[in-house]
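Here are my notes on this one, written for somebody new to reading structures. Have the model open while you go through the points.

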Amino acid sequence: MASSKRDLISIEDLSDGEIEEIFDLADTMLPENRGPAQAGALGGKIMATLFYEPSTRTRLSFESSMQRLGGSVISCPDMKSSSAAKGETIADTARVVSSYADVLVVRHYWDGAAQAMAEYADVSVINAGDGSHEHPTQTLCDLYTLKKEKGDLKGLTVVICGDLKHGRTIHSLVYALARFGVNVVTLAAGGMALPQYVIEKLERERHYNLTPVSSDDLQAAMAETDALYLTPKQPHQLALFTQVDQDLQGRIKSMAAGLKFDAFYVTRKQKERMKQGNGEETAGYPSLGEGFLKEQRFKDTVVMHPLPRVDELSPAIDKDRRGIYFKQAAYGVPIRMALLKFLLSPSGVAKGRAPEKKRSLYESPESISPQCANANCVTRTESLSARPSFELLFSGPGGALILRCSYCNHQLRVEYVGHTGSRRYCLYDLSLEETFTGWLKRGELAIFDSIKQAEELGYEPYKSGAQRSILGEEEIRSAIQRMAEQIFNESENSERLVLLGVKTKGAVLARRIAAEIEVSHRGKIEVAEIEIFGSEEGIHRISEPGADAEPLSIKGRPVVIVDDVIYTGRTAKSALSIIFKAGRPRSVRLAVLVDRGHREVPVKPNYVGKHIPSSEKERVRVKLREVEQDEGDKVVIYSIISPEKSDQQSAVSS
Ligand code: CP
C-alpha cells in the first residue's frame with residue numbers, strides 16, 4: 001500500500017484548515033473563475049468510479065470534475081455488470097482497479113465498505129457514501145454552500161430534519177457543524193433519531209451535548225413535534241435531570257424561543273435502508289411546506305437538501321431565494337474539482353500529515369472476535385475484506401469498556417475479557433482498567449461476546465473474591481413492592497405511565513414493579529425495554545407474541561427508568577438521551593434496586609430499593625432468577641482483585 005496516499009473516508013479525515021483550503025481552491029474552480037490552469041491541472045490522471053448504489057449528483061459531478069481538470073474517467077455503468085456480480089470481494093476489486101486508476105471514488109450499500117477498499121487500494125479512495133455511515137464529500141458541498149450564503153459558520157443554528165438515523169449525509173454533516181461551532185437542532189421523524197453512537201462521539205470528542213427544546217417555533221413550518229438541540233454552549237446539562245419539571249419545561253421553552261434558525265437541512269426518508277416490519281417505512285415524516293414561506297421569523301432561513309427529494313420538500317420553495325438546494329448540488333463540481341486537485345496534484349497533495357487515524361485499534365488475538373453491533377457493517381457482510389477492529393473507549397456508561405467499530409463507528413459494550421497467556425477470562429470491571437490496558441499493550445487482551453465464546457476457545461473463569469449476600473429473595477420482593485407503591489402514588493396519570501427497564505435486568509425489574517402495581521391497583525401498566533448498546537439500540541415494547549408491534553410512543557407520558565444498580569450514573573444519562581430522542585415525555589424518574597454511590601454524573605434516583613455504599617474495588621451484582629435461570633434472587637457484593645492475584649489466592653469462586 002502506498003504510504004503517501006491520502007483517502008477521504010470520513011469528514012474527520014480532513015482537518016479544519018484543510019477544509020478551508022479546499023474551499024479556497026473551490027473558489028478558483030467556480031465557472032466564472034475557471035481558466036487554463038484548472039483545465040490541465042490533472043492531465044494524465046485517471047479516476048475510477050465504483051458505484052454499487054444509484055447516484056446522480058455525486059457520480060456525475062465527480063466525473064464532470066475530473067474531466068474539467070483534464071483527467072479522464074473509467075467506470076462500470078452498473079456494478080451488477082462488474083465481477084462483483086460473480087462474487088468478487090471488494091478487497092480484490094480495490095487491488096485490481098487501483099492498478100488501472102489514480103483515484104477510486106466508491107459508493108457502497110455497506111457501512112465501512114469504502115474504508116475496507118482503502119485498506120487494499122494502492123491509490124487514494126474517496127467515500128461517495130457508504131451505507132448509513134458517512135458521505136463526506138456531500139458535507140463539503142453543504143458547508144461550502146452554507147458559508148457562501150451566511151458567511152462565518154460559527155454561531156449559526158441549523159435545523160436538521162427527517163431521517164437522521166439512516167441519513168449518511170446527516171452523520172458527516174453534524175460532525176462538521178460541531179467542529180465549526182454551529183448549533184444543531186435535530187428534528188427527527190418518529191423512530192429515526194440521530195443514532196446514539198453519533199451523539200456520544202459528539203459528546204466525547206467535541207463536548208457537544210444534546211438538549212431538548214420545544215418545537216413550537218418550528219411547527220408553523222414543519223409538521224413535526226419534538227426537537228433536540230446540540231450545542232457547545234450553556235445550558236447543556238439539562239439532559240441530566242431525571243425529573244422534567246415545570247421549571248425545566250419553562251427553561252426549555254424560553255431557550256427555543258430565543259433560537260434564530262439560519263438553515264433548515266431537509267432529508268428524504270431512506271426507505272432502502274429500513275428493516276421491513278418495524279413500522280419505519282410507514283411512520284409519519286416531517287415535511288417543509290409552503291407555510292414556511294409565509295412565516296416572518298424564517299425570512300432569512302435558507303433551505304438545504306442533499307437531494308434527491310421525494311415529498312418532504314414542497315416545490316413551492318424552489319423559486320424562492322431561500323431554497324438553495326439546486327445551488328448546493330451545483331457546487332458539487334467546484335468542490336469535487338478542488339478535492340481531486342487537493343488529493344492528486346503535486347502542488348495540492350495533503351501538505352503535512354493526514355489526521356492520525358488507526359490509533360491503537362483493537363483486533364482480537366484469537367480466531368473468534370467480537371462482532372460489530374451493526375448488521376450492515378462490512379465486517380459482518382464481507383469479513384474476507386474487513387476483519388473486525390475497534391477503538392477501545394474506557395469508562396463508557398456505567399464505567400463500561402466500549403468498543404467502537406473502526407469501519408462504521410457503531411458501539412458495543414464489552415462483557416468478558418480474557419488473558420491469552422493464562423487462558424483465563426472474567427467479567428470486565430472498571431477497577432481493573434490498568435490490568436487490562438497492560439494486556440492490551442502486550443497484545444494479550446482477548447474480548448468475548450459471551451461466556452460460551454470464551455469457553456469455546458478453551459478459556460476458564462478467573463476466580464473472583466468471596467461474595468457476601470446483601471439482599472435476599474424476601475428483601476428484594478419487599479423493595480420492589482415499596483418502589484411500586486411509591487411510583488404509583490407519585491404518578492399523576494398512572495394509565496399513561498411507562499416503566500422503561502434497562503436491558504436486561506432493569507427490564508425484568510420493571511416487569512415485576514408493573515405486576516405489583518397491577519395487582520394492588522387493578523390497572524394495566526405499560527412496560528418497555530431500553531437498549532443502550534447493540535444492534536437494537538433504542539426503546540422497544542415488551543410485547544406478547546402476536547401483539548401489535550407498533551413503535552411505543554412516550555411523548556407527553558410519565559416515564560420511570562428502571563435499572564438494577566446505579567454506579568457512575570452514565571447509563572441513566574445515556575438512557576435519558578435515548579428517551580428524549582424518542583419524543584419529549586411529561587416526566588422522567590429513575591428507580592434502581594441498589595444505589596451504590598461513586599457517581600461520575602449528577603443523577604439522583606427517585607426510588608431506591610437499598611443504598612449500599614461500597615468502595616471502588618467492590619462490585620455489586622444483582623442476580624435475578626429470570627436471568628440467572630438456575631438461581632433464586634439475591635444481591636451480592638464482592639471485592640475486585642486483579643485476575644493475576646486471584647489465581648494465587650484461595651478465594652471462593654462464584
Ligand atoms: N446527494 C447525493 O448523494 O445525491 P446522489 O445520490 O444523486 O449522488
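1. Start at the ligand, where a backbone N or O atom of P306 lies 2.8 Å from a nitrogen atom of the ligand. That pair fits the idea of a polar contact, meaning a pair of N or O atoms within 3.5 Å (within protein, one must be able to donate a hydrogen and the other to accept it, and residues adjacent in sequence count only if both atoms are side-chain atoms). The protein covers 91% of the 260 Å² of accessible area that the ligand has on its own; such areas come from the Shrake-Rupley method with a 1.4 Å probe, and for residues only the protein chains shown count as cover.

2. A word on where this comes from: the model is predicted, so local features need pLDDT of at least 70 and side-chain atom pairs count only at pLDDT 80 or more, while totals for chains, interfaces and linings use all residues. Residues are numbered from 1 along each chain as its sequence is written, and side-chain values use heavy atoms, with hydrogens and water left out.

3. Side chains reach the ligand too. A polar side-chain atom of S55 sits 2.6 Å from a ligand oxygen atom, and an N or O atom in the side chain of H135 is 2.9 Å from an oxygen atom of the ligand.

4. Who else is there? The residues around the ligand (a heavy atom within 4 Å of it) are S55, T56, R57, T58, R107, H135, Q138, P306 and L307.

5. Now look along the chain at L307, which is joined to P308 by a cis peptide bond with omega of about 5 degrees. P308 is in the loop between strand 10 (302-304) and helix 12 (325-330). Helices (H or I, at least four residues) and strands (E, at least two) are DSSP runs, numbered from the N terminus.

6. There's a cis peptide bond between K503 and T504 as well, with omega of about 5 degrees. T504 lies in the loop between strand 19 (498-502) and helix 18 (505-521).

7. Check R423 too: its phi is near 55 degrees, a positive value in a residue other than glycine. You'll find R423 in the loop between strand 14 (416-419) and strand 15 (424-427). Most residues other than glycine have a negative phi, and most peptide bonds are trans.
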